[in-house]
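Let's take a walk through this one together, a piece at a time. Have the viewer open and turn the model as we go.

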Amino acid sequence: MRRPDHFRALTALVALLTLGTACVGDRRTPVVVYSPHGRDQLKLLEAAFEAEHPDVDVRWLDMGSQEILDRLRFERVNTQADVWFGGPTTIFARSLHDSLLQPYRPSWAAAVGPDGVGPDDMYWPVYRTPAVIAYNSAAVPDSEAPADWDDVLAPRWHGKILIRDPMASGTMRAIWGFIIERSLRATGDTTAAMQWLRRLDGATKTYALNPAILDQKLARQEGLVTLWDLPDILISQGKGMPFGWRFPTSGTVVIDDAIGLVRGSRHPEVAKAFIDFVGEPPALLLAARRVYRLPARLDLPEDSVPPWVAEVERTMIVAPMDWELLAREGSAWMGYWDQHVRGTGKHLTRRPADPPTR
């Protein structure tokens with residue numbers, strides 16, 4: 001269900017008032033970070049950055065990357081954020097049409113790219129985030145878990161699939177984009193993809209509003225299978241949740257996860273220091289060891305990264321993606337899915353095939 005605009009505006013106002021009152025009486029310089037990276041990672045990096053910069057107060061808001069884009073647009077005349085930290089570069093690219101970011105070349109710029117680097121130094125890749133098929137390992141033996149994308153549509157998983165709401169999530173938009181691009185490469189239009197997504201909709205028990213709800217439902221066996229990102233699944237495993245995962249055998253989506261300086265930042269020098277911090281080796285290795293982030297840097301010594309990084313690089317097959325096409329067409333694709341596919345899968349047999357949307 002889509003929320004009305006006035007509800008979104010009220011939610012944004014409450015969050016911003018919370019940020020403002022939290023800083024009252026604190027003489028430190030605040031830096032406001034909007035990020036989809038979740039409490040575990042944000043608290044970890046907040047503590048590490050403040051230890052190096054005791055005169056800075058890191059304040060973060062955790063939300064989906066599409067929600068960040070919407071909020072930055074809403075706040076354009078009264079900027080509240082300093083840093084946008086996290087999300088696919090395709091969503092960062094969409095922000096450029098509204099001039100929501102300003103150029104900054106971080107200290108580590110020469111160690112990444114060229115994939116994922118925004119035009120005119122507008123954003124930079126910090127991590128690479130693979131998508132996986134995840135499942136409740138207490139209910140699904142590893143040998144029986146879906147091995148590839150199409151296996152998720154098997155009848156045995158009908159009504160047992162949980163999906164993070166794609167309209168709010170950059171990860172899910174990237175996965176949807178992969179399915180649609182796969183259709184374009186095979187058939188020349190998006191019809192097959194929309195039919196595939198409608199079948200998935202029919203098999204989906206619920207669309208979770210946020211990753212925490214997704215975790216809870218999967219752990220409680222309210223659903224048994226999901227499509228999500230590897231770092232979040234590994235973090236949940238580390239907390240004792242009964243989650244298993246695998247890379248799709250035909251190839252997976254690997255998102256360039258970016259960071260950028262918000263145009264109109266009230267504390268630009270502190271914001272730049274934070275951007276520099278997250279992309280330097282100590283913070284990258286901290287995130288890799290503690291919250292399973294795959295670094296985008298190409299120059300980290302192999303003996304410095306945790307073993308899981310080498311295992312991931314060895315086993316995952318990266319699916320081909322036209323990220324420029326996704327940045328250009330993704331919003332229209334998602335709008336079509338939201339209006340014409342979501343909620344229609346259970347009536348698939350009574351509906352004609354989708355017309356081409358391209």
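Before anything else, keep in mind that this is a predicted model.

A good place to start is strand 5, which covers residues 124–136. Of its 13 residues, 12 are buried, so the strand is largely enclosed by the rest of the structure. Part of what surrounds strand 5 can be read from its pairing.

Which strands does it pair with? Take strand 10 (residues 254–262), which runs antiparallel to strand 5 and is joined to it by six bridges. To find that pairing on screen, look for P125, which sits opposite A258 of strand 10. Strand 11 is just residues 294–295, and it is also antiparallel to strand 5, with two bridges between them. Here Y127 has P295 as its bridge partner.

Further along, strand 5 pairs with strand 8 (residues 225–229), again in the antiparallel sense, over five bridges. I133 is a handy marker for this one, as its bridge partner in strand 8 is L227. Then there's strand 9 (residues 243–246), antiparallel to strand 5 over four bridges. Y135 is the residue to pick out here, standing opposite G244.

While you're looking at these strands, one general point helps: in a regular strand, side chains alternate between the two faces of the sheet.

Now swing over to a pair of helices. Helix 2 (residues 38–52) and helix 9 (residues 268–279) have axes that come within 11 Å and cross at roughly 115°. The crossing is right-handed. Which residues meet there? Helix 2 brings L45, A48, F49 and E52, while helix 9 answers with V270, A273, F274, F277 and V278. Sorted by class, that contact has eight nonpolar residues, no polar ones and one charged one. The spacing along each helix is worth a glance too: an α-helix has 3.6 residues a turn, so residues three or four places apart point the same way.

Last stop: helix 6, residues 191–203. With 13 residues at 1.5 Å each, the helix should span 18 Å, and its end C-alpha atoms are 19 Å apart, which agrees.

Is helix 6 largely enclosed or open? Ten would be the count to check: 10 of its 13 residues are buried, so the rest of the structure largely encloses it. Among the buried ones are M194, W196, L197 and L200, along with R198 and D201. The cover over these buried residues includes helix 5 (170–187) and helix 12 (323–341), plus strand 6 (161–164), strand 7 (204–208) and strand 8. That last name should ring a bell, since strand 8 is also one of the partners of strand 5.

Definitions and conventions. Residues numbered from 1 in each chain as written. Predicted model: local features only at pLDDT ≥ 70, side-chain atom pairs only at ≥ 80, totals over all residues. Heavy atoms only, no water. Buried < 20%, exposed > 50% of the residue type's maximum accessible area, 1.4 Å probe, protein only. Pairing = 2+ DSSP bridges. Axes fitted to C-alpha atoms, helices over the stretch in contact; angles between N-to-C directions. Left-handed = near helix turned anticlockwise from the far one by under 90°. Contact = heavy atoms within 4.5 Å. Nonpolar A, V, L, I, M, F, W, Y, C, P; charged D, E, K, R; others polar. Expected span 1.5 Å × (residues − 1).
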